[in-house]
Amino acid sequence: MNKMRVYELAKILGKSNKDLMKILEDLGINVKTHMSSIDNDVAQLVEDALAERPPKGDAKGVEAPAKPKIGLEEGATIKTVAEKIGVTSADAVKALMSAGIMIPATSVADGKVLEVLSGAFSVTFEVTAKTTKAEPAKPGPYRPEPRKQEPAQGKPAKKEPAAPKTEATAGELTPRPPIVTVMGHVDHGKTTLLDTIRKTNVTAREAGGITQHIGAYTVTHENKTIVFLDTPGHEAFTAMRARGADVTDIVILVVAADDGVMPQTREAIDHIRAAGVPIVVAVNKVDKPGAKPDRVRQQLSDIGLVPEEWGGDVVMTDISAKAGEGIEQLLEMVLLVAEMQELKGDVKASPSGVVIEAELDKGKGSVATVIVRQGTLKRGDIVLFGTAWGKVRALIDTTGNNVSQAGPSTPVELLGLEDVPQPGETFTVVSSEREARSALSENIALLRDSGGTPTRRVSLEDLYSQMREGHVPQLNLLIKCDVQGSVEALCASLEKMATAEVGVTIIHKGVGRIAESDVSLASASNSVIIGFNVRPDANAKRVSESEGVEIRLYNVIYDVIDDVKAAMEGLLKPNLREQRQGEVEIREVFKTPKAGKVAGCHVMQGLVRRNSRVRVVRAGVVIWDGGISTLRHFKDEVRELKAGFDCGIALAGFQDFTEGDILESYEIVEEKRTL
């Protein structure tokens with residue numbers, strides 16, 4: 001049976017993914033994400049459900065009036081055919097789907113496709129051979145613009161005013177472009193991919209065709225903007241995140257189809273997971289003779305990145321960065337993932353953003369490349385960083401042009417600073433130079449007073465107190481061992497200890513000394529470093545002390561397991577068990593001026609304590625449950641009384657007891673749990 005993804009059906013029907021998920025939920029169809037697979041029967045149910053709703057346009061399914069023969073050039077795409085007929089790409093793909101053909105609008109329309117479209121829209125096609133070698137149709141992966149289902153008429157159907165649905169829906173929030181970082185193993189094609197995208201998709205260029213490089217640049221695809229960060233690698237990515245600069249929205253992970261998953265690929269994945277950023281995998285070099293893209297998918301599946309075509313939730317696309325193949329599809333997938341995130345920025349908010357790069361230029365002075373996250377940064381604004389401030393003298397965009405303002409997700413080069421800020425620092429706009437100087441002085445004073453005091457990081461001893469404060473008990477570990485066998489054995493043992501209440505996450509595992517990059521990752525992910533038969537180098541020690549990252553060193557594997565087990569057992573909520581103590585009968589009720597009603601009782605069984613909880617039982621029914629406020633033996637306050645003694649009892653907050661009532665005394669015992 002043919003299957004398709006939820007997001008594919010959403011695009012075909014002109015619905016948002018959220019709306020379609022709601023429709024499926026209303027129909028009682030349980031799907032986890034927009035990447036979930038559904039079959040034709042489910043798609044038909046959705047169509048039927050939509051047909052029963054009040055129509056928003058003309059009734060769907062209206063056939064187009066007969067048309068004369070339509071000439072097509074051999075190799076035309078479905079999108080081109082749809083344009084020739086005068087219908088939307090979505091209508092054409094939907095007609096094919098109804099016939100059991102599930103292919104995107106960028107696919108070539110072969111004989112079978114043309115036959116289905118001919119019957120669906122009452123047209124005939126005349127296919128002619130190519131007269132000249134035409135450029136490939138500007139395909140772009142299948143991504144119809146959000147629109148309503150329209151009937152096939154003689155002219156292109158007029159759009160209903162539904163497109164504004166993608167604009168701001170509340171306040172001043174508007175969709176903003178996704179910010180994308182490219183990562184992967186060395187020599188797997190990161191630079192080539194960036195160069196290819198830059199050459200073919202850069203928004204605009206300076207006179208002479210030279211694009212200015214400022215660490216970030218924008219590209220357009222399907223009239224939508226994507227911002228690419230050109231960062232050195234995963235260590236820089238994590239170092240920025242450790243400073244609180246969560247800049248990236250999506251990461252493209254490049255994996256070579258001939259080499260497969262390599263050590264740096266695994267490291268990059270660990271860093272991306274720690275950041276919690278969506279991944280789009282680009283399987284590169286598929287045009288090489290030794291390329292095995294399916295093997296790459298299998299290797300990635302083995303480490304938890306399951307391709308969406310295999311039932312997982314990770315988008316993977318085959319590309320050849322050198323030949324320029326698959327680039328359009330990759331950008332399409334990036335836009336799709338961005339759409340899922342519903343990225344928005346507030347253009348009217350107070351401007352703020354993050355420093356990507358900064359330097360002291362002989363001609364320009366202090367220069368910072370920043371990305372605006374919220375608000376609109378304007379020329380003349382006074383900006384405050386952690387270690388610098390300035391009045392914006394000029395804003396230069398990624399093409400080298402001077403601009404007057406920059407909105408959310410816009411990278412710009414900022415001139416006019418008094419000093420050079422640090423990459424990863426955030427900035428805000430203040431109202432006056434006096435305020436900027438004052439705030440900067442306070443920042444510097446705080447740094448001086450702290451004397452480099454490390455930020456408080458998690459330790460094994462801290463975890464129990466964190467849980468008591470309401471934090472979710474989750475133990476993040478970074479494992480470094482002397483040999484690979486120890487890594488696998490230790491990680492397997494630790495991961496088995498995870499329970500539904502206390503989790504263990506191995507953020508990264510590897511062989512060799514504990515390096516500075518390991519400490520940076522542990523700092524960013526709030527992890528504890530476990531070293532087995534390895535030691536940290538001098539830089540790692542220095543950074544761990546300044547960042548407050550705990551490094552634990554062991555040479556016996558059982559000591560590691562025992563320490564982690566003890567920490568996790570401290571995180572487990574204890575079992576609460578009721579322990580029965582005794583039974584007391586009320587034989588007389590007294591009234592006192594101070595305490596009100598007091599029960600004159602006889603201890604029938606066991607004992608009763610001053611701190612016991614009691615249930616009042618009348619005719620076999622519990623009518624109250626609470627604590628004792630007073631326990632007396634004659635006139636003396638006592639801590640407990642055993643069977644055979646008489647006593648006076650006043651209950652905390654209850655006086656509606658009568659003679660013959662039974663008081664059952666008990667206590668709640670906490671039992672420590674073990675793994």
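This section describes two strands and their pairing partners, together with one helix, in a predicted model.

Strand β6 spans residues 179–184, and six of its six residues are buried. The side chains of this strand are divided between two directions: I179, T181 and M183 point one way, whereas V180, V182 and G184 point the other way. Burial applies to both sets, in keeping with the description of β6 as mostly covered.

Two pairings of β6 were identified. With strand β8, formed by residues 224–229, β6 pairs in the parallel sense over three bridges. Within this pairing, V180 of β6 lies opposite F228 of β8. Strand β9, comprising residues 250–256, also runs parallel to β6, and five bridges join the two. Here M183 is placed opposite L253 of β9. V180 and M183, the residues of β6 named in these two pairings, belong to the sets that point in opposite directions from the strand.

Helix α4 covers residues 78–85, and its buried residues include I78, V81, A82 and I85. These residues lie on the same side of α4, because they cover an arc of only 100° around the axis. The residue that follows the helix is G86, which has a positive phi, near 100°.

A further strand, β24, consists of residues 528–532 and is likewise mostly covered, with five of its five residues buried. V528, I530 and F532 point one way from β24, while I529 and G531 point the other way. As in β6, where the residues pointing either way are buried, the residues on both sides of β24 are buried.

The pairing of β24 involves strands β22 and β25. Strand β22, made up of residues 474–481, pairs with β24 in the parallel sense over five bridges. In this arrangement, I479 has I530 of β24 as its bridge partner. Strand β25, which contains residues 551–554, runs parallel to β24 and is joined to it by four bridges. I530 also appears in this second pairing, where it stands opposite R552 of β25. Residue I530 is thus matched with I479 and with R552, and is itself buried.

The connection between β24 and β25 includes helix α16, formed by residues 538–547. Together, β24, α16 and β25 make a right-handed β-α-β unit. The two strands of this unit are those joined in parallel by four bridges.

Key:
Residues are numbered from 1 along each chain as its sequence is written. This is a predicted model: local features need pLDDT of at least 70, side-chain atom pairs count only at pLDDT 80 or more; totals for chains, interfaces and linings use all residues. Side-chain values use heavy atoms; hydrogens and water are left out. Buried means under 20% relative accessible area, exposed over 50%, partly exposed in between (1.4 Å probe, protein chains only). Two strands pair if DSSP finds at least two bridges between them. The arc is that of the directions from the helix axis to the C-beta atoms. A crossover is right-handed if, with the strands pointing away from the viewer, the path from the first strand over the helix to the second runs clockwise.
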